[in-house]
Amino acid sequence: MGVYDDIIDLPRPTSARHPRMPMTDRAAQFQPFQALSGYGSAIRETARVTGERAELTEEEKTILDEKLRYLFEAGGEAVFTWFLPDEKKDGGAYVTNLGTIKKIDPLRGIVVLMDGTVIPIEDILEIKDGAVRDNAF
């Protein structure tokens, strides 16, 4: 005869005062514990790579200014490559937009495209003619 033969077939004891815990709550007891809430997202944010803005020479700035004036007067499409600063940390990334210039605001230093995209003039790296693949400029 075994050590537990006297209790092996008895029903499981249940409390008359306390209801049984639902299975979903019981499972939650065994979920991983995150002692530092937000730590994982902070690590991911720190690991995210941002680029730095390229500095243009005065000659390159003059060429971009001439291209802007030409495009505004001609009304053609162009491909704008410009620096978009990161909202959370230093640096950013270069983005490309294809569009037609709606207006140039020299006081605010911005170019507004027909689709509503606002590009700071000082952030423009390159402008290529959108109508011709091999860059008409």
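## The largest pocket and a nonpolar patch

The largest pocket holds about 250 Å³ of space. Its lining takes in 15 residues, and L56, K61, I121, E122 and I124 are the ones closest to the pocket centre. Bear in mind that this is a predicted model.

Who builds the wall? Both α3 and β5 put at least two residues each into the lining of the largest pocket, with α3 giving the most, at 4 residues. On the chain, α3 covers 58-74 and β5 covers 124-129. As for chemistry, the lining of the largest pocket is a mix of nonpolar and charged residues, with no polar ones:

| Class of lining residue | Count |
|---|---|
| Nonpolar | 9 residues |
| Polar | no residues |
| Charged | 6 residues |

Stepping back to the fold, there are 3 helices and 5 strands. Following the sequence, you meet them as α-α-α-β-β-β-β-β. The protein has 137 residues, and 19% of them count as buried.

Now for the surface. V3, Y4, I7, I8 and L10 together make a nonpolar patch of about 590 Å². One of these, L10, sits in the segment before α1, the helix at 23-28. Is L10 buried or exposed? L10 counts as exposed because its relative accessibility is 56%, and the cut-off for exposed is over 50%.

Terms used
Residues numbered from 1 in each chain as written. Predicted model: local features only at pLDDT ≥ 70, side-chain atom pairs only at ≥ 80, totals over all residues. Heavy atoms only, no water. 1 Å grid on protein atoms, 1.4 Å probe; cavity = no way out; pocket = protein on both sides within 12 Å on 5 of 7 lines; lining within 4 Å. Points joined across faces, edges and corners; volume = space filled by probe spheres on them. Nonpolar A, V, L, I, M, F, W, Y, C, P; charged D, E, K, R; others polar. Patch = residues over 30% accessible without salt bridge, like charges linked within 9 Å, V, L, I, M, F, W, Y side chains within 5 Å. Areas by Shrake-Rupley, 256 points an atom, 1.4 Å probe, with all protein chains shown as cover. Salt bridge = Lys/Arg side-chain N within 4 Å of Asp/Glu carboxyl O. Buried < 20%, exposed > 50% of the residue type's maximum accessible area, 1.4 Å probe, protein only.
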